[in-house]
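Trainee: Could you take me through this entry slowly, feature by feature, and show me how each one is read?

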Protein chains: 2
Amino acid sequence: MTHQHSAFARKLGAFVALSEEEFAALDRLHGRRKQFAAGRDIVHQGQVNQPAYILASGWVCSYKLLSGGTRQIVDFQIPGDFLGLRSVLFRTADHNIEPVTRVEASEVLASDLLENFAKTPRLATAVLWAASRDEAMVVEHLVGIGRRDAKERTAHFLLELGARLKLVGLGTTLGYACPLSQYLLADSMGLSEVHVNRVLRELREDGLVTFQHGKVDIHDLDRLVALADFDKSYLDQDGPLLK
Amino acid sequence: MTHQHSAFARKLGAFVALSEEEFAALDRLHGRRKQFAAGRDIVHQGQVNQPAYILASGWVCSYKLLSGGTRQIVDFQIPGDFLGLRSVLFRTADHNIEPVTRVEASEVLASDLLENFAKTPRLATAVLWAASRDEAMVVEHLVGIGRRDAKERTAHFLLELGARLKLVGLGTTLGYACPLSQYLLADSMGLSEVHVNRVLRELREDGLVTFQHGKVDIHDLDRLVALADFDKSYLDQDGPLLK
DNA sequence: AGGGTCGACTGATCCAAATCAGCCTAACCG
DNA sequence: CGGTTAGGCTGATTTGGATCAGTCGACCCT
């Protein structure tokens, strides 16, 4: 009954009960469809009045550059995710967005979004919900970097990504396709590329997960979850939370 | 013209232009005023149907517990800040909230908040803005933990806290009162208490900042900003961004 | 007045992860 | 087809910060 809608609308509809009317409003947000090549930034820090996007296909990452030339990847976005909402609300972008693969995305104009809040107030709740879910993910990420060692952190990262991909039908509990390089993992987890490589080897040798040739294979979910201290219920809800 | 409103309303009004009508709606959100003793958690992970709060006085911290018994403090909240918005949207709390000092806060009921979106759509924009600002702070925090060493991280932390306090009139560029213990700093920055102590000593010996006896004194703002790679414009906007 | 606790502070030792320096393979390309 | 580049991978060495094991003073409390 909702399968004719966009991945974005479906995702929100899973958490905030929406009427057909409201689904339609959500879908009308999708503006011009655009393509981006891998590696060439879509938005960068300081740019003003950039549109937001809803990711249709491909992966992107959001990152911040530090003065020393290092960077910290804050989050990866996968199909169905909202991109650059903060940059719209603040008018000037506070982070960079780089496509990891070739990407297709629909523009969302700030004016469209904000004006629709008046006509469709539940849309506001849905968008607020989506923003809060993003924040929850950043918080988990923060906790991992602050208090988990490299192995736990990596395990947690791979599990969380899997859970998110499963939600949009791009993965199972057995594994998923993953276009990320070890460099990207390192910049995301606050580790060096060298160390990521060693940790992945350890996880492989322990028979927990394999991350090779662009795919992640989970060999022992239970032990991996135990190692990572991963909250399984975290991302797989199954009905609207807000009635 | 806005000074009769709550700190919360003032803060939002600084970023989203609001009418008197809308300010009033914001102020009506404040429900029953409650008191909390320092150290006794207001909310903890997993609790369901907790109200949100708006902090009137005192400081609190939001943290997550890891299985090993360690914890990671995600953020500190100061007067005028919203507390536990995510816990309300998700119905079940995904983090703990502990008062650092004695605290006064007004309850905000989920139903009040969400229903008001229909009547006052710009309220939705304002709350979304507040949530995004929180997310931006968590992102900065993440970047610091992931890619800054202990000294830069500490410097950045003290500067950011100062900027936030200045915004609500609780600090100047010269310093501010700060009730945090070195243990709390450690749990927030992902360091050990011992190392925080040494880093604070270094910063003091370098003549940059002093953090002693419950107050932070900034002795050399410019060098501190340079060390921390701190974006000064980051938190001190001076007019509504969304007209 | 003596015990208990909390927070700041210190020296010695250890270790996880960074850094440095390099190899190997596959893919691309002019 | 030989050169270049991007990723994956590895060993040796160094280092930032953790851990362990305390001391000291302030402020309880009874």
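Mentor: We will go through the fold of one chain, then a sheet, then the contact between chains, and last the DNA. Please keep in mind throughout that this is a predicted model.

Trainee: Which secondary structure elements are there in chain A, and how many of each?

Mentor: Chain A contains nine helices and eleven strands.

Trainee: Why would one say that the radius of gyration of chain A agrees with a compact globule?

Mentor: The idea is to set the value beside the one expected for a chain with that number of residues: for 243 residues a compact globule would have a radius of gyration near 18 Å, and because chain A has 18 Å, the two agree. The C-alpha trace of chain A spans about 55 × 40 × 30 Å along its principal axes, and 48% of its 243 residues are buried. Among the contacts in chain A with a separation of 6 or more, 71% join residues that are 24 or more positions apart.

Trainee: What is the order of the strands in the open sheet of chain A, and is the pairing parallel or antiparallel?

Mentor: In general, the strands of a sheet pair through backbone hydrogen bonds, either parallel or antiparallel. Here four strands of chain A form an open sheet in the order β8-β9-β11-β10, with antiparallel pairing. Its edges are β8 (171-172) and β10 (209-212) of chain A, each of which pairs on one side only. Strand β10(A) pairs with β11 (residues 215-218) of chain A over four bridges, in the antiparallel sense, and the bridge partner of T210(A) in β11(A) is D217(A).

Trainee: How many residues does each of chains A and B bring to their contact?

Mentor: Chain A brings 37 residues and chain B brings 37 residues. On the side of chain B that touches chain A, the elements giving two or more residues are β4 (71-77), α3 (85-89), α4 (110-119) and α5 (121-147) of chain B, and α5(B) gives the most, with 19 residues. By class, that side of chain B has 21 nonpolar, eight polar and eight charged residues.

Trainee: Which residues come nearest to DNA strand D, and which element supplies the largest share of the surface near DNA strand D?

Mentor: Of the 14 residues around DNA strand D, those that come nearest are S181(A), Q182(A), D149(B), S192(B) and H195(B). The largest share of the surface near DNA strand D comes from α8(A), with four residues, while α7 (182-189) and α8 (193-205) of chain A and α8 (193-205) of chain B each supply at least two. The residues of this surface divide into six nonpolar, six polar and two charged.

Terms used:
Residues numbered from 1 in each chain as written. Chains lettered and ligands numbered in written order. Predicted model: local features only at pLDDT ≥ 70, side-chain atom pairs only at ≥ 80, totals over all residues. Rg over C-alpha atoms; globule rule 2.2 N^0.38 Å. Buried ≥ 20, exposed ≤ 12 C-beta atoms within 10 Å, placed from the backbone. Contact = placed C-beta atoms within 7 Å. Near = placed C-beta within 6 Å. Nonpolar A, V, L, I, M, F, W, Y, C, P; charged D, E, K, R; others polar. Pairing = 2+ DSSP bridges.
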